[in-house]
Amino acid sequence: MELKELESALEGVLFASGEPVAVERLCLGLEVDRPTLDAVAQRLMDQYSYERRGIRLIKLDTSYQLCSAPEFAPYIRKTLESR
């Protein structure tokens, strides 16, 4: 799998999950080794941060998760509380 496709696949899996996904599970599902997964995840983290995107990719102890960017918390709170 090419780098861009791997980034997109990781993003899609994490988005669909909605919760942390274990590194081992990601490696198995994406058919990559740990160093490759970590490098791809770091690349996505850097892109989201540099582009000031509304989401962040975070690394927990043994998993990765997509979450909202903290600087947009007031907008998120205001929008979701008014439902």
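This section describes the sheet, the helix packed on it and the salt bridges of a predicted model.

The sheet is open and consists of 3 strands. Their order is β1-β3-β2, and the pairing is antiparallel. The edges are formed by β1 (21-22) and β2 (55-59). Each of these edge strands pairs on one side only. Strand β3 covers residues 63-68 and runs antiparallel to β1. The two strands are joined by 2 bridges. In one of the pairings between residues, A22 has S63 of β3 as its bridge partner. Helix α1, residues 3-17, packs on this sheet. The helix touches β1, β2 and β3. Its direction makes an angle of about 70° with that of β3.

Salt bridges were searched for over the whole structure, and 5 were found. Among them is a network that links K4, E7 and R43. Within this network, E7 forms a salt bridge with K4. The closest N and O atoms of that pair are 3.7 Å apart. Both residues belong to helix α1, and their spacing of 3 residues places them about one helical turn apart. The solvent exposure of the two partners was also computed. E7 has a relative accessibility of 1% and therefore counts as buried, the limit being under 20%. K4 is exposed, with a relative accessible area of 55%.

E7 also forms a salt bridge with R43. Here the closest N and O atoms lie 2.2 Å apart. R43 is in helix α3 (residues 34-50), whereas E7 is in helix α1, so this pair ties together parts that are 36 residues apart in sequence. R43 is partly exposed, at 39% relative accessible area. The network thus holds a buried residue, E7, an exposed one, K4, and a partly exposed one, R43.

A further salt bridge joins the side chains of D38 and R34. The N to O distance is 3.0 Å. Both residues lie in helix α3. They are 4 residues apart, about one turn of the helix. D38 counts as partly exposed at 22% relative accessibility, because the partly exposed class begins where buried, under 20%, ends. R34 is likewise partly exposed, with a relative accessible area of 34%.

Key: Residues numbered from 1 in each chain as written. Predicted model: local features only at pLDDT ≥ 70, side-chain atom pairs only at ≥ 80, totals over all residues. Heavy atoms only, no water. Pairing = 2+ DSSP bridges. Contact = heavy atoms within 4.5 Å. Axes fitted to C-alpha atoms, helices over the stretch in contact; angles between N-to-C directions. Salt bridge = Lys/Arg side-chain N within 4 Å of Asp/Glu carboxyl O. Buried < 20%, exposed > 50% of the residue type's maximum accessible area, 1.4 Å probe, protein only.
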